Amino acid sequence: MADNDSQKKTTKYERKLERRKEEAARQKRRRRTTAGICAVVVAVCAGVLGYQAYDKYQQTHGALLKVGSHEIGREEFDYYYNTSINNFYSQYSSYASYFGVDFSAPLDQQSYSDTMTWKDYFEQQAVTQIRQVYGLTDEAAEKGFTYDASGDVDEFVKSISDAAESADASLDDYVVTLFGENAKLEDIKGYVEQSNTASAYYETIEDGTEVAEDEIQSYYDEHKADYDSVDYKVCKIEADMPEEETEAETESAETEAASETETLSEEEQAEIEAAEAEAAAAKEAAEQAAMEEAKKQADEMLGQVKDEAAFDAVYAKYATDSSELPEQTQMTKSSVYPTEVADWLFDDARAAGDVDVIEDAANNAYYVVLFKNRYLVHEDTVDVRHILIKPEEVAEETEVETEAAETAAEGETEAAETEDAEAAEAARAEAEAKAKEDAKAEAERIYEEWKGGEATEDSFAALAEEYTEDTGSAENGGLYEAVAPGDMVQEFNDWIFDPARKPGDTGIVETSYGYHIMYFVGTNMESWMADIKDTLKNQKLSDYMDALLETVPVKDIRADLAYLKETEAETESASETGTETAAASETESETEKAK
């Protein structure tokens with residue numbers, strides 16, 4: 001497998017240096033062209049019309065930002081700005097209202113936070129992307145990293161062309177729709193090439209970021225509570241709280257009180273307020289009494305629990321819901337509720353047989369908890385390759401077909417309408433069944449193709465890259481590494497964690513996603529180790545990017561970006577506060593010396 005990965009990387013990067021030289025030459029030609037144009041425009045700037053033309057040109061083509069040593073023009077900034085919006089929309093469009101953003105309205109009129117609009121937010125995302133891309137490609141050039149992004153660019157152009165055709169729009173118009181009024185495909189191809197070069201270089205950083213076993217062990221030793229599991233018994237005793245008024249009753253009472261207040265004298269209003277205060281105090285006293293009674297019950301049970309057998313013997317007598325099982329096994333800290341119980345269970349001082357009463361004030365209850373043991377679960381993860389073949393989606397009825405059906409249905413009896421609906425449902429079910437059969441047949445064909453060839457893991461990976469419809473693993477030859485129990489859909493999970501499973505096993509598994517041609521690679525490290533390894537690796541990569549971005553400062557040349565102004569103001573304020581604090585400290589020091 002290692003040899004195959006190495007070969008793949010060599011093919012992926014071998015012509016990168018040549019491509020970068022070509023790009024550098026293009027950039028040089030562009031700079032010369034820009035310089036020539038600017039010289040001509042400046043010569044015309046003696047008149048008012050000439051100045052206006054120059055100003056308009058600068059707004060469109062002049063430098064907007066300086067990122068590191070690079071000047072970023074409007075077209076490039078707009079590409080990243082609109083890419084940020086497009087990515088957000090494609091991922092969260094169904095939940096946009098939850099985020100408080102309406103893409104049909106101006107983004108600069110919608111608040112993202114107290115200090116930023118949604119326009120500010122997407123501008124911030126654009127600047128972050130630009131810094132990352134230039135930081136990575138600059139370092140890549142320094143390290144002599146080579147990558148040929150032509151395939152990525154070709155794929156991008158094809159996807160844009162196909163989308164434009166589907167939208168019945170010209171390619172140029174579609175590019176403008178996606179990336180801004182100044183967008184041109186040739187320029188965007190350069191941005192796509194650079195972005196993919198940055199991504200490819202980052203992948204090498206990611207691949208080269210190692211996490212040693214002693215690092216994993218040290219991290220576990222410091223964060224045991226996050227990875228251990230516990231077994232315990234618990235009895236929930238809820239307080240019998242006084243009934244709360246319904247929302248409708250509360251609103252009705254408030255409305256009535258407001259109406260009465262307008263006609264009551266001050267003395268009568270004071271009497272009402274006193275009565276309300278008395279009622280509130282009585283309610284608070286009733287709630288307190290209910291909690292005290294629940295605590296009394298919990299303490300009474302605690303006094304009878306000497307061991308597990310005693311706990312089980314009295315559980316039904318005290319539990320608010322005795323149908324709930326008291327036994328809890330293999331529970332992680334994050335899965336224990338409430339947090340007060342979790343904190344008690346995962347206290348390092350906890351010992352087998354400990355029992356206590358724990359209050360849950362937020363939910364008006366007490367828990368009698370008996371601790372059994374705490375331990376680290378030892379279960380292996382696995383590596384697996386798969387090729388996913390999805391059934392073709394059955395198209396929904398078109399609007400024209402729906403209108404035609406509604407027209408035809410006018411005047412029909414209810415029985416006839418029901419019959420038509422049942423017929424349509426049956427036809428759809430038949431189409432979906434046919435799509436599943438076709439997907440299964442295709443999966444079986446690919447499986448036979450693999451078995452008829454070299455029938456190795458490498459040949460399976462090659463077929464996965466060619467056929468799989470799982471975008472999450474396509475580029476890795478269908479590979480998922482360190483898969484833990486429960487990570488995958490049930491049927492997939494059951495197959496890979498079958499106790500009889502051996503390296504090299506293959507088969508076809510049907511899930512709700514479609515048909516998976518499976519190749520079992522083998523077992524990997526234990527689940528807790530894989531989790532910590534991911535955590536430490538992500539932290540190292542985050543630290544790497546933070547350090548890299550420190551070398552890529554941003555200068556807002558035109559002071560157009562509101563969020564940067566806010567950031568600069570905060571920085572200046574913090575700096576001034578620090579200076580004032582230092583000055584005050586120095587004054588105090590001098591005073592002490594004088595004493």
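**Exercise 1. Determine how Lys158 and Asp162 are placed in helix α7 and how their side chains meet.**

Solution. Step 1: Lys158 and Asp162 both belong to helix α7, four residues apart, which is about one turn of the helix. Helices (H or I, at least four residues) and strands (E, at least two) are DSSP runs, numbered from the N terminus. The model is predicted: local features need pLDDT of at least 70, side-chain atom pairs count only at pLDDT 80 or more, and totals for chains, interfaces and linings use all residues. Residues are numbered from 1 along each chain as its sequence is written, and side-chain values use heavy atoms, with hydrogens and water left out.

Step 2: The two side chains form a salt bridge of 2.8 Å, N to O. A salt bridge is a side-chain nitrogen of Lys or Arg within 4 Å of a carboxyl oxygen of Asp or Glu.

Step 3: Lys158 is exposed, with a relative accessible area of 52%, and Asp162 is partly exposed at 35%. Here buried means under 20% relative accessible area, exposed over 50%, and partly exposed in between (1.4 Å probe, protein chains only).

**Exercise 2. Describe the surroundings of Arg428.**

Solution. Step 1: Arg428 lies in helix α16 (residues 414-451) and is partly exposed at 30% relative accessibility.

Step 2: Arg428 makes a salt bridge with Glu432, with the closest N and O atoms 3.4 Å apart. Because the two residues are four apart in helix α16, about one helical turn separates Arg428 and Glu432.

Step 3: Along the chain, Val394 is 34 residues from Arg428, yet their C-alpha atoms are separated by 7.4 Å.

**Exercise 3. Find a further salt bridge in helix α16, between Lys451 and Glu448.**

Solution. Step 1: Lys451 and Glu448 are three residues apart in helix α16, about one turn of the helix.

Step 2: Their side chains meet at 3.1 Å, N to O. Lys451 is partly exposed at 40% relative accessibility, and Glu448 is partly exposed at 46%.

Step 3: Elsewhere, salt bridges that share partners link Lys233, Glu308, Asp312, Glu327 and Lys372 into one network. The whole structure holds 26 salt bridges.

**Exercise 4. Establish how strand β6 (residues 365-375) is paired.**

Solution. Step 1: Two strands pair if DSSP finds at least two bridges between them. Strand β3 (residues 229-238) runs antiparallel to β6, with ten bridges; Lys233 has Leu370 as its bridge partner in β6.

Step 2: Strand β5 (residues 355-360) is also antiparallel to β6, with six bridges, and Glu359 stands opposite Tyr366.

Step 3: β5 and β6 form a hairpin with four residues between them, and Asn364 in the turn has a positive phi of about 55 degrees.

**Exercise 5. Identify the central members of the largest nonpolar core.**

Solution. Step 1: A nonpolar core is a set of buried Ala, Val, Leu, Ile, Met, Phe, Trp, Tyr and Cys residues joined through side-chain atoms within 4.5 Å. The largest one has 52 residues, of which Leu65, Phe77, Phe122, Phe179 and Ile188 touch the most other members.

Step 2: Elements supplying at least two residues each include β1 (63-67), α4 (74-92) and α6 (118-143). The largest share, ten residues, comes from α6.

Step 3: Leaving aside residues up to four places away in sequence, Leu65 is in contact (heavy atoms within 4.5 Å) with residues including Phe77, Val127 and Leu564.
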